[in-house]
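How is a β-sheet put together, strand by strand, and where does a pocket open elsewhere in the protein? The report below takes these topics in turn.

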Amino acid sequence: MNPTPEEIERLQRVSSELRCLVCQNQSIAESTAGLAVDLKQQALEQIQAGKSDEDIRSYMVERYGEFILYKPAFSASNAVLWGGPFVLLALVFVMVIKSLRRRQQAAEPITQATDVLRAAKLEERYKRDASNQ
Amino acid sequence: MNRKLFLILPIVSLLFLAVLLAKGLQSDPRKLESKRVGKPAPEIVLTTLDGKQFNSQSMQGKVWLLNVFASWCSACVTEHPKLMQLAEQHRLPMVGLAYKDKTSDTVSWLKQHGGNPYDIIAVDLDGRVGIEYGVYGVPETFVIDSEGKVRMRHAGPVDDEFIAQHVEPLLAVSNVGNTK
């Protein structure tokens, strides 16, 4: 059965999201490696048999592992990879706000205290200077 | 106390990251884990090199080796003497899967390289069985246990280490009645 243009387009779209396992920087759509050609054939047969894109993807993952997907699905085993950066970002945000607040609270009294101290010292020096004259 | 923690935390996390990344650098991205390990081996129903039928169900109850090879595969030449050696010891049934290889080529390749180590050679001309097993490069070797589960997948030429680590232990434990 010759594929229709729609089927070819679907094949192109699905296989462009699958990594060629022989030449790992190419998608199965681009690659002309023997295995990529065979897998394209498999995918086309499944399209013609009325399988969904998801069916084809899981067929590939079942045999070759998640590695074949250029866009790995969210799963328990890679949840840390997906969520980790956001958790870290939130953590940093909370820490920055906390430390900013603490600094603000601490900053004012310290300035006042040093000011008083400085003023007292200056005054003392003036007095000393005055009595020396 | 809190302050000290603040100072140590970045250093600790840096060290942790360094170890993690160093480990990542050492792993070979071409070595893929097989999804089939621990799962039932896909059924093989194929014609053999000598024109008979091979059904992998007939291997039930035995520990056996499935070696994917081809005459066009250069690394297969490397592992061939090892397979011959293993075959001479008659330790376990060895099934060859002639992957996308013309029968006449397979026959002459075996002749040229010193013989046939396999008990059975199944011909996977269109590579469909290969796909079922997740084969992405030749040679690949699978060890299938007596329950019909894939115990080990080895990508690349078979070596002594592979045999010692993955074939011997299985034979030691579950090879009672594993007669050829």
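Two strands are said to pair if DSSP finds at least two bridges between them. The model discussed here is predicted. In this model, strand 4 of chain B is joined by 5 bridges to strand 5 (residues 120-124) of chain B, and these two strands run parallel. Within this pairing, B:Gly96 stands opposite B:Ile121 of strand 5. Strand 4 of chain B also pairs in the parallel sense with strand 3 (residues 64-69) of chain B, over 5 bridges, and here B:Phe69 has B:Ala98 of strand 4 as its bridge partner.

The pairing of strand 6 (residues 140-144) and strand 7 of chain B is antiparallel, and one of its bridges sets B:Val143 against B:Met152 in strand 7. The three pairings are set side by side below.

| Strands of chain B | Sense | Bridges |
|---|---|---|
| 3 and 4 | parallel | 5 bridges |
| 4 and 5 | parallel | 5 bridges |
| 6 and 7 | antiparallel | 5 bridges |

Taken as a whole, the sheet of chain B is open and mixed in its pairing, with 5 strands in the order 5-4-3-6-7. Strand 5 and strand 7 (150-155) of chain B stand at the edges with a single partner strand each, so one side of each is left without a neighbour in the sheet. From one strand to the next, the twist averages 20 degrees.

Helix 3 of chain B packs on this sheet, where it touches strand 3, strand 4 and strand 5 of chain B, and its direction makes about 110 degrees with that of strand 3. Helix 3 (residues 103-112) also lies between strand 4 and strand 5 of chain B in a right-handed β-α-β unit, while helix 2 (residues 74-88) of chain B takes part in another right-handed β-α-β unit with strand 3 and strand 4.

Is strand 4 of chain B mostly covered or mostly uncovered? Of the 6 residues in this strand (residues 94-99), 6 are buried. In a regular strand the side chains alternate between the two faces of the sheet. Both faces of strand 4 are covered, with B:Met94, B:Gly96 and B:Ala98 buried on one side and B:Val95, B:Leu97 and B:Tyr99 buried on the other.

Away from these strands, there is a pocket to consider. The largest pocket holds about 370 Å³ of space, and its lining includes A:Leu81, A:Leu88 and A:Met95 from chain A together with B:Leu9, B:Phe16 and B:Leu20 from chain B. Helix 4 (79-132) of chain A and helix 1 (2-26) of chain B each supply at least two residues of this lining.

Conventions
Residues are numbered from 1 along each chain as its sequence is written. Chains are lettered from A and ligands numbered from 1 in the order in which they are written. This is a predicted model: local features need pLDDT of at least 70, side-chain atom pairs count only at pLDDT 80 or more; totals for chains, interfaces and linings use all residues. Side-chain values use heavy atoms; hydrogens and water are left out. Buried means under 20% relative accessible area, exposed over 50%, partly exposed in between (1.4 Å probe, protein chains only). A crossover is right-handed if, with the strands pointing away from the viewer, the path from the first strand over the helix to the second runs clockwise. Axes are lines fitted to C-alpha atoms, for helices over the stretch in contact, and angles run from 0 to 180 degrees between N-to-C directions. Contact means heavy atoms within 4.5 Å. On a 1 Å grid over the protein atoms alone, a cavity is a set of points where a 1.4 Å probe fits but cannot get out, and a pocket is an open set with protein on both sides within 12 Å along at least five of seven lines; lining residues have an atom within 4 Å of a point. Grid points are joined across faces, edges and corners, and a volume is the space filled by probe spheres set on the points.
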